[in-house]
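Visitor: I would like to walk through this structure with you, one question at a time. Could you take me from the packing inside to the charged pairs and the strands?

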Amino acid sequence: MSDLLDDDLEFRGGTLQLSSENNTEEQGGSSNTLGVNTSKPSVLSGADSLPSNSSTSSLAEGRPQEANASAAPPEPQTVYPRYDVPFNRENIQDFFTFRKGVVESAIQECITVLLFPEDGEYLGSWLLTEITLWDNEKERIVLLTSRLVMTIKYDFIAMKQLDFKKTYLDDLDTIVIGELVYPPSSLVPERNLRGVRLMWNKGEPLPLKMAWNPFSQDVPFITFASHPIYWHKDDEVEERSTYDMEIFAQKLQRAVEAMASSSCCIHHAPIVIQSYVGVTSMLHNKTSMGFFKVRGKFSF
């Protein structure tokens, strides 16, 4: 019954693009440690319509930074946003992946069956939340090697792999790490959640037939966030890291930087989800339809 999760029929429009102009203005002539040209906007549309930050506004008004620094000491900046913890402790125990040993067994099976020597050196594995083009959350196993990212749809009830997709690091042109946000005109409540987006559309907007097609399988980007279990695991840090998007993003960035043939740009900026009303997706996510769990007398 989990196959029904992909049949989302909500009407939506818009293209995806993310501009790094604000960050370029703030940094001025500072050196780029990644060796990429940040003056060129990346690919997720909607970010340029977000309100500019306070430091950019101050510079635009002609107030020098030195005067502000001498007037008052700078306040420490928050690295991560305020998280809204998904689900409660009682509800999270209905997830099949919350049961001890289930995730470890599934990941080991996927590594054994799906990875081959030509896929490169194995770097790590995670259970993360994939956020689709239509803002639907889905439970996915993610394997990272020195050559690719493999996204696996896994049935945690029957304990079998259903589908998988390989994304080669050589094909990536942009990686964005930051807070998941909606356009200013969106009616969808803020997530207060961070994510990472991998993109390989070379700066081109999505074709209309793809942006408006909920069954499209060729969307040229993929977005991950931490799995809900991350906030409810009281065990060791190493076990919680299996559900942590931040650790995946760090290892992904290092893997891309280690590839001499890669020309991928890495941005730390908001990730815009083009959802404006989102009734279907909010219902889908609120009821955790993208996750395998016990639902009364049924499990799906």
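Visitor: Which residues is I141 in contact with, leaving aside its neighbours within four places in sequence?

Guide: This is a predicted model, in which local features need pLDDT of at least 70 and side-chain atom pairs count only at pLDDT 80 or more, while totals for chains, interfaces and linings use all residues. Residues are numbered from 1 along each chain as its sequence is written, and side-chain values use heavy atoms, with hydrogens and water left out. With contact taken as heavy atoms within 4.5 Å, and neighbours within four places in sequence set aside, the partners of I141 are A106, I107, C110, W126, L127, M150, T151, I152, Y154 and F156.

Visitor: Which residues of the largest nonpolar core touch the most other members?

Guide: A nonpolar core is a set of buried Ala, Val, Leu, Ile, Met, Phe, Trp, Tyr and Cys residues joined through side-chain atoms within 4.5 Å, where buried means under 20% relative accessible area, exposed means over 50%, and partly exposed lies in between (1.4 Å probe, protein chains only). In soluble globular proteins, nonpolar side chains tend to be buried together. Of the 44 residues in the largest such core, those touching the most other members are C110, I141, L143, M150, I152, F156 and L180.

Visitor: Which element gives the most to this core?

Guide: Helices (H or I, at least four residues) and strands (E, at least two) are DSSP runs, numbered from the N terminus. At least two core residues come from each of α5 (102–114), β1, β2, β3, β5, α6 (208–211) and β7 (221–226). Apart from this core lies another, of 22 residues, among them W126, V142, L144 and C264. The element giving the most to the largest core, with 7 residues, is α5.

Visitor: Which parts of the chain does the salt bridge between R191 and D135 tie together?

Guide: A salt bridge is a side-chain nitrogen of Lys or Arg within 4 Å of a carboxyl oxygen of Asp or Glu, and the side chains of R191 and D135 meet in one at 2.7 Å, N to O. R191 and D135 are both buried, and a network of salt bridges links D135, E137 and R191. The R191 and D135 pair ties together parts that are 56 residues apart in sequence, because R191 lies in the loop between β5 (174–181) and β6 (194–199), and D135 in the loop between β1 (122–131) and β2 (137–145).

Visitor: What is the phi of D135?

Guide: D135 is buried, with a relative accessible area of 1%, and, leaving aside neighbours within four places in sequence, D135 is in contact with Y182, V188, R191, I273, S275, S281 and N285. Most residues other than glycine have a negative phi. D135 has a positive value although this residue is not glycine, its phi being near 65 degrees.

Visitor: How far apart are the closest N and O atoms of E246 and R194?

Guide: Both E246 and R194 are buried. E246 lies in helix α8 (residues 245–257) and R194 in strand β6, so their salt bridge ties together parts that are 52 residues apart in sequence. The closest N and O atoms of E246 and R194 are apart by 2.5 Å.

Visitor: Which residue of β6 is the bridge partner of E179?

Guide: Two strands pair if DSSP finds at least two bridges between them, and β5 and β6 pair in the antiparallel sense over 6 bridges. β5 is mostly covered, 7 of its 8 residues being buried. In β6, the bridge partner of E179 is R194.

Visitor: Which residue of β9 is the bridge partner of V181?

Guide: β5 runs parallel to strand β8 (residues 265–268), to which 4 bridges join it, and there V176 has H267 as its bridge partner. β5 also runs parallel to strand β9 (residues 271–272), joined by 2 bridges. In β9, the bridge partner of V181 is V272.

Visitor: Which element has the lowest mean pLDDT?

Guide: pLDDT is the predictor's confidence in each residue, from 0 to 100, and the chain averages 77, with 69% of the residues scoring at least 70. Over residues 1–82, pLDDT stays under 50. Among the elements of the chain, strand β3 (residues 148–155) has the highest mean, 98, and the lowest, 35, belongs to helix α2 (residues 54–60).
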